[in-house]
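Visitor: Please take a close look at a single part of this model. Start with how it pairs, then work outwards to its chain.

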Amino acid sequence: MPGPGPELWGQLADLRSVLSLRATQWLGMRLPRPVGLRAAELYHRLSYPASRAQRAVVARNLARVLGRPPGDPLVQRATRECFRLYAQYWYETFALRTMTPEEVDRRFRVQGIEHVDRALEEGKGVVLALPHMGNWDAAGHWLCLHGYRVTAVAEALRPREVFELFYRHRRALGLDIVPLVPGVRVSDVLAERLARNHVVALVADRDLTGRGVAVEMFGAPRRLPSGPARLALATGAPLSTCSVYTAPDGWRCVIAPPLEVERSGDLREDVARLTRSIARDFERFIAAAPADWHMFQPAWDGEPSR
Amino acid sequence: MRVALACPYAWEAPGGVQVHVRALAEHLSRRGHETLVLAPGTGPSEPGVVLVGTPVRLRYGGTVAPVCFSPRSALRVRGALRAFAPHVVHAHEPFSPSTGLFAALLSPAPVVATFHAYAERSGLYTAAAPLLRPLWRRLRVRLAVSQTAAAFVTARFGPGVRVVPNGVDVDRFRAAAPPVGGRRLLWVNRLDPQKGFGVALEAFVRLARDLPDLELVVVGDGRDRRLLGGLPAHVRARVDLRGAVPHEALPAHFAGASAFVAPALGQESFGMVLVEAMAAGVPVVASDIPGYREVVRDGVDGLLVPPADPEALAAAVRRVLEEPGLAERLRAGGRARAEEFRWEAVVERVEGAYREALEPPRG
């Protein structure tokens, strides 16, 4: 008798991820902070031993960042801390939805917001490029609460229910979401938002296309998406990098001064140069808190050299 | 006596050689000598210091040395030496491509040289040795800061090097307060892989589990700072990162420390920080490597542990913290040992070298 086909397994896996996301959202929006953080910690402790493959990926990434072999005890510890912080992220991102604005203000401290203000005075919007650090949803939410109009891009996640859950979640946090779907030129939509003086926040430490710009980070080549640089060069909007760090009582956000945008006439070279500057800022952000970098895919090809 | 001191590394950059030259100049002038320091640098000039040019960062032997070898700086060295007309030129690291080399080459006066560095191997040094031999012969008196540094040079150039150790301003460190409140583990060094910061952290993580009051105080900065960002939050909260501190401000940071850790992996020629910790009365746990071994005698004025072994380091720190009487014994032993490196005594030996250089060459 034939067993269940691959389709059925796929559907079951989808169902599982949808249900667990919904459960996380439900709990996150209801559990008081001390209980929620405890629950996240407990989840982390129970799930960590079972996540071998992912652990190996994170350990390889962190080995590169820390400049030590993947088996080094400090790398192993950082890997564990990375998963712990990620579990905390899941509680906190949904908890943001039911947090009062006063509490968000108390917990979210920002350094460098003047760079955004100064940029917006020019009326061309501002592009914020972020790595997956700390809690980027919290940054978007804080900006919205303070009257900034923030646009972000949503990956076309499968299954559709997952995509919709995130779409609604980020809308509820106040963000304007542009879905990355076939048939829509996202760059045009974002350019239009910039023209309306929006903050366009792009999480930009992972190249999904394989056609990104070659940069060097922590002494090894990898690719970063060219989107933020392209957008800034096309629209004249200033581009700043930004990072969020998990702090004991919430988050700490650092917005860097705008990067210098040079126009040599060779667009490809200009995009590459600007993206390399982004890489340098990201490297600094990640080095400051390696375990707070939520990078669960291989960030570099191949093994670290030592 | 008029003495010109040539320092090879950027005057404003942190580093053992700069600290040495600065203190030597100070102690020489206290004893009535007139000194002039020549060094790479661009900062505002101080009285008695001539900055000879913009330093460039030369990557060598796992570290980066801020040296200056431009022809212009050579001219400035020559000009300054002519104007100052010293009785003796004291060149530090005369084989580094920088101010020390130029001063030794262009000196109008007898040259005394001090060798500071030590490396496990140095192909470049060995390769350059034949070229440097004429200069080697020109050096009237050759000093090294330790047996380790001396052995490094004599292996390539033959005998004729005398050890005059690094000096330490013992009194400035003496005043450090004894431990109060919680127990503190102290790190003072660059945060470089070579200095063993990872070993110290790993040992601290192990100790922190069992000793809930223990804190780690980190004085220094470097690329290994990122290792702190990978620590579990509850351990990270017990690390007090104070960053890089100018050498003048250092003594205060030794206050209240229960033990000092120095697990460098190698390439140490002397271990100045060890003497400073000992002068401050902080028990030292250091790695058993050539430069450190000369300063710390295991069980007498500190404890030595195998390098790159966090477990052994943690165990030794625990002994210091818990074994009755050990900390007091090491404290007393360390203070006594530090006295042997007191600048007041060291500078007399340097003066002896100057006098010798001024004697007409024999034969």
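Guide: Two strands pair if DSSP finds at least two bridges between them. Strands are DSSP runs of E with at least two residues, helices are runs of H or I with at least four, and both are numbered from the N terminus. Residues count from 1 along each chain as its sequence is written, while chains are lettered from A and ligands numbered from 1 in the order written. The model is predicted: local features need pLDDT (the predictor's confidence in each residue, 0 to 100) of at least 70, side-chain atom pairs count only at 80 or more, and totals for chains, interfaces and linings use all residues.

The part is strand β7 of chain B, residues 111–115. One partner is strand β6 of chain B, residues 88–92. β6(B) and β7(B) run parallel and share four bridges. Within that pairing, V89(B) bridges to V111(B). Between the two strands, the chain passes through helix α3 of chain B, residues 99–106. This β-α-β crossover is right-handed: with the strands pointing away from the viewer, the path from the first strand over the helix to the second runs clockwise.

β7(B) also pairs with strand β8 of chain B, residues 139–144. That pairing is parallel too, over five bridges. V111(B) appears here as well, with L139(B) as its bridge partner in β8(B).

Now burial. A residue is buried if 20 or more other C-beta atoms lie within 10 Å of its own, exposed if 12 or fewer, and partly exposed in between; C-beta atoms are placed from the backbone. Five of the five residues of β7(B) are buried, so the strand is largely enclosed by the rest of the structure. In a regular strand the side chains alternate between the two faces of the sheet. Both faces of β7(B) are covered. V111(B), A113(B) and F115(B) are buried on one side, V112(B) and T114(B) on the other.

Step back to the whole of chain B. Of its 363 residues, 50% count as buried. Its secondary structure comes to 13 helices and 15 strands. The radius of gyration, taken over C-alpha atoms, is 21 Å, close to the 21 Å of the globule rule (2.2 Å times the number of residues to the power 0.38), so chain B is as compact as a globular protein of that length. The C-alpha atoms fill a box of roughly 65 × 40 × 35 Å along the principal axes. Contacts (C-beta atoms within 7 Å, placed from the backbone) reach far along the sequence: of those between residues at least 6 apart, 69% join residues at least 24 apart.

Chain B also holds an open sheet of six strands, with parallel pairing, in the order β12-β11-β10-β13-β14-β15. Its edges are β12 (239–243) and β15 (303–305), each pairing on one side only. Neighbouring strands are turned by 20° on average, direction ignored. Helix α9 of chain B, residues 272–279, packs on this sheet and touches β10, β13 and β14. Its direction makes about 165° with that of β14(B); axes are lines fitted to C-alpha atoms, for helices over the stretch in contact, and angles run from 0 to 180 degrees between N-to-C directions.

Last, confidence. Chain B has a mean pLDDT of 92, with 96% of its residues at 70 or more. The model scores ipTM 0.81 and pTM 0.85.

Note on methods:
Contact = placed C-beta atoms within 7 Å.
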